[in-house]
Each structure stands twice: as C-alpha cells, then as structure tokens.
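Please open the model in your viewer, show the backbone as a cartoon, and keep the residue selection tool at hand. The tour below moves from one selection to the next and says what is to be found at each stop.

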Amino acid sequence: MVVAVVISQLVGRMQASLIAATAREREATQLYELSIALTGLHNEHAIAQILARQVQEVSQGEHVELNLTGTEPFSFHLPEVSSPIRPPELTVSIQAARGNLGEILLWKSATPIASGEKRLLETFASQGALALERARLAQAESRAKVLEESDHLKSILLSSVSHELRTPLSTIKAASSSLRGNEVGWDSPARVELIEAIDDEADHLNMLVGNLLDMSRIESGAFKPKREWNILSEIVGSVLARMRHSADEHKIEIDVSENLPFVPVDYVQMEQVFTNLVSNSLKYAPSNTLIRIRANIQNDTIHVQVSNQGPQVPTEHLERIFDKFYRITAADRVTGTGLGLSICKGIIEAHGGQIWAENIPDGLAFNFTIPLIWEGVSAPSLPMDTETE
Amino acid sequence: MSNAPHILVIDDEPQIQRAIRTILTEKGFKVTTASRGEEGLTLAATNEPDIVILDLGLPDMDGVEVCTRLREWTQCPIIILSVRDSERDKVAALDKGADDYLTKPFGIEELLARVRVALRHSTSRQGTQSKVIRAGSLMIDLAWHIVKRGDEEVKLTATEYKLLAYLAANHGRVLTHQSILTNVWDPADANHTEYLRVYMRQLRKKLEADPERPQFILTEPGIGYRFIADE
C-alpha cells in the first residue's frame, strides 16, 4: 500500500516535471520564434505588430493592445478594434536600457494568467524592447548618414553656385562700371558690346537661379506638373525658335510629326526638358555637327530621342550624368550648374516617364518616355469643324 | 504735362520701384508708387490712374486679391508683375481681370510695349475700337468678317474665324486658355486646351509664313496666346 502510494506520488511528480519540461520547451520555442521574427526588422511599427501577434498567440487572450511611446507614439490592437472598457488583466512594460519604450496590455478573462505565462510575456516584452532599440539606433544612424550626405551636397552646391553666379556678376560689374566711368566714349562700338554683355549675363544669371529653384522644388516634391493635352511638335518648335541664336553653329534636324497623338504634359516643363537636352548637346558636341530630335509612339508611350555627334560617355557614367552636380569633365572647364540633366530627370519622372542616356555609333543620345494614358484616359479626339465662313 | 498718362506702380521692392519710376518718367508718364496692397487700392481710388502695374507678391495681401478689388469698380488696365514659375498665379490674376503680365526680370522695352497696348485698350474701351486690324501682310476686317493675306482672301472655318476675331480684337493682350475657350467655344469647354492647340495650329498654317516660328499668333507658355498686330 505504502509502496503503491510512493509509486503513484513518484509517477505524479514525474508527470508534473514532464509537463513543466514541455511547457519550458514550448516557451523556448515561442521565444525563439519571436526572436527570429524580429531579426533584421528596422521598422518600429512592424516590430510592434509582430510582438502583439506573438503575445496574442501565446496567451490566447481576447484582446492585445500595444502602445509605443516616443516622438511618434503608436498603438496597435489585436483584433483591430478598440480595447474592452474594463481594465486589462495584465500590463507588461516594454523596458529598454535607455528607458521605457511602451507597454503591452492583455485582456484575458476566460482563464487566470499563470505566473509562467506572465514571465514569458515579460521575456517577450524585453525581446521586443531590444528589437525596438536596435531599430531606433539604425534610424538615427541612417539619419546621420543622410545629413552627412546632404551636408556634402550642400558644400558642392555652394562652391558650384558661387562659382557660377560670380562669373556673370563679374562681367556685369566690369561692364556697368566702365560705362559709368568715362573710359568708354559715347559713340564707341565698345559701348554697345558692354551693354549687350550686361543684358546677356543678366539673362544667364536668371537662368541659373531658375535652375536652382527648380531643383529645390523637385527635391522637396513641390514640383507638380500642370498636365494638359499638348502637341509635342509645337513644344519642340517653340523651343528651337527661341534657341536659334545659340544653335547657329550646329545643324538641328527635327523628326517629330505634328500628327502624333496629344501628349499629357506640362507645356512649360516640357519646354524645359527640350531646352536642357538641346543645350547640353550644343555644349558638348563640336560645331557643325548634327543634333537630331525624334519622337515615335510605342504602344501607349511616346518615346523621344535627342541625339548629338558629341563625345561618348563611358558606360559607368551613363546613369550618373543625371545626378545633380555630376560631371565627367572638370567643373571649371564647362559652364552650367550641373543641374540641367537632373532637372530633366525630375520633370520626366513627375510625368510618370523614364529618361536615360546611351552611346550611339556616332555620339550620344538622350531618350525619354512619357505614358500617353493620363488618369486612365487616352488622348482625346477633337470636335469636327467642317463648316466654312 | 498734366495730360501725361498716369501710372500707379504697386510693388514692395524699392529697386524695382526706382527703376520703373525712372524709366517711365523719362518716357513722359506720371508715376505714383505704393509698396502695399491696401495703400495701392487707396491710391487707385483717389488718383484714378490710367494704368496699374501690380506685383503679385505683396507683403500685406495677395496680388490676385488686389486685382479682384480693383475690378469691383474700375476697368483701368492692370499689368501684373511676377516671378517665373508662378503661371498659376498669373493665370488666376488674368482670369480675375488683369490685362497683361510681365515676368521678372523683364526688359524695359517689354514693359513699354505692355504699357502702350494697355493705353490703347483703355481708349478703345471708350468706344473707338478699330474694326480693321493689320498685322504684317494680314488684314482682318472685323465688321465684314474678311481675312486677307496680301491680296488673297483666306478661307477660314466658322470656329477658326471666331477664334481669330477674338484674338485680333484683343491684339497685344495676353488671353488665357480659359478666356479664349469660354469666349470662342463655351464656358463648359474651358478645360479643353487641346481644342486651342489644334485650332491655333490650323490658323497658323493658314496665316503664318512659318507656322513653327509664328509672328502673329504667339504662344505664352503655360498661360495662353497673344496676337501681335501692327502698332
């Protein structure tokens, strides 16, 4: 009898320790799963969601609420409804080395929360705290990198801009001061020349400032095209009419049919794309060479190419020439802000298109595409006008 | 000089005020300046200028608002000054009754051309509008609905003629897309700029020597069109 009791007690104890062992094994597995799920996450919201899901799965509670404090407080509910009105059965704080990061609230009225379960949830919380802290550190680090990068760009900008702005300013100052003094006679031909120089350089300054403004608008996302159905050949024509003085040392060939469908673009911005691409070609391609502008339709996209017979660009630079301030040649050998092509890129991308450069057998070609479908609609057809006066 | 046309300049930048005052005074105009919108409105009411030159970026109120308030009681021509890339503001001001615009920085000859056009239109508002408009070899007779290029009559469709007549009657002035569409088509068509693109192209083909480099029907990018006639 005694033996029987002892044996049954022993069996009971073995069973209990077996249960405890299984429970511990399950806890370990769950903890392992959580830490795997949290690995590599740098997004606080994602971490919070995974943590809340795991808590819910382990506790089988009716509602889990997870609150993160900090500069951008965030709450997550499972299920995604508001919490029960009564106070939660369990509150576990998410405690990191640097302080409290938030809390997990658990509503579970069906069965009491065992001490083992509470301990497990606390472990979860501290795992979550570690992941959150890691994420915040990573964010701070990438912010620092971005700042460093933009600091670097700013100093390039400042040196490029002050160089670029000072050149026309020097001309203006020299010309206006000599006109003001008595160095240049009233009917000297030099007088006209100086006045023209002031006028041209003022225009040049205006263009530089315009480019800088455009670039800052593109970067801040404030560059919204005012799209309308336009005729591409009209835009190309007006750009070339305006540029004909600067383009008189090159031949320009246009193959843009006026019968192409309407293109949904911002007229002014599109003019700028053509102006910048053609100026770039004028600047780098030798005199008396050919610049070609072509456009054709491929499916629901218009493909435009501006090509020149200038020097080719090493393959590794082809993509980077659209980066701002990126130059292949030394900055002091070419004029310009180094912004022209990046502005083109900003404009084309704002229109939902793509822009790229490629080497062609006798030179360099800029290509861009623009979708012809705008807000789900394709180019309109026009009202008929057949009557005569 | 008591008959000299009176121009009110509303602009808060002293350098611009100085430059415009110097040049316009030199050209025989009487010039008054204001650097704030409210001040400008008061001066406009007391002085009844012949032309108002108005900057859109004023410190105390929106230039478009100044335009609207002026138009409540006067039809005097308003020329807008503004910086590049503010097409929306320019169009808003033009649609609120401004007559023309200049983008800063501008050349003085541009300013003087705008002022001349504005003065002509302020006289034509008093009922002496010319019925025959000449532009180079073009002759547009608004009374008889006849358009000639040299000695040859140009055949236009009804819409083409209506469009050309509207442009020519307002020659020298910038006309916004919306105002053309509303007046030549229908207020319901005010957004169909593609009509304009097509009809302007047709008109240019019939009227211009080189339709790609028009001399008479000029595009004002992002704003509208302007018809250039002989002075």
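Begin by selecting B:H145, which sits in the loop of chain B that runs between strand 7 (138-141) and strand 8 (146-149). In this predicted model, the backbone of B:H145 has a positive phi of about 55°, although the residue is not a glycine. Most residues other than glycine have a negative phi. Is B:H145 buried, exposed or partly exposed? It counts as partly exposed, because 13 C-beta neighbours lie inside 10 Å of B:H145, and a residue is called exposed at 12 or fewer.

Now go back along the chain to B:E48, which you will find in the loop that joins helix 2 (37-47) and strand 3 (51-55) of chain B. B:E48 is not a glycine either, and its phi is positive, at about 40°. With 11 other C-beta atoms within 10 Å, B:E48 is exposed.

The next two selections concern peptide bonds rather than phi angles. Most peptide bonds are trans. Select B:K104 together with B:P105, and look at the bond that leads from the one to the other: it is cis, with omega near -5°. B:P105 belongs to the loop between strand 5 (100-104) and helix 5 (108-128) of chain B.

Then move to chain A and select A:L78 and A:P79, whose connecting peptide bond is also cis, with omega near -10°. A:P79 is placed in the loop that leads from strand 2 (74-78) to strand 3 (90-96) of chain A.

For a wider view, select the whole of chain B, where eight helices and twelve strands make up the secondary structure. Of its 231 residues, 35% count as buried. If you consider the contacts in chain B between residues at least 6 apart in sequence, 56% of them join residues that are at least 24 apart.

Finally, display both chains and turn to the place where they touch, at which 25 residues of chain A are in contact with 22 residues of chain B. Which parts of chain A should be selected on this side? Helix 4 (189-220), strand 5 (228-230), helix 5 (232-243) and helix 6 (267-284) of chain A each supply at least two of the residues that face chain B in this contact. If you colour the touching side of chain A by residue type, you will find eleven nonpolar, six polar and eight charged residues.

Conventions
Residues numbered from 1 in each chain as written. Chains lettered and ligands numbered in written order. Predicted model: local features only at pLDDT ≥ 70, side-chain atom pairs only at ≥ 80, totals over all residues. Helix = DSSP H or I, 4+ residues; strand = E, 2+ residues; numbered from the N terminus. Buried ≥ 20, exposed ≤ 12 C-beta atoms within 10 Å, placed from the backbone. Contact = placed C-beta atoms within 7 Å. Nonpolar A, V, L, I, M, F, W, Y, C, P; charged D, E, K, R; others polar.
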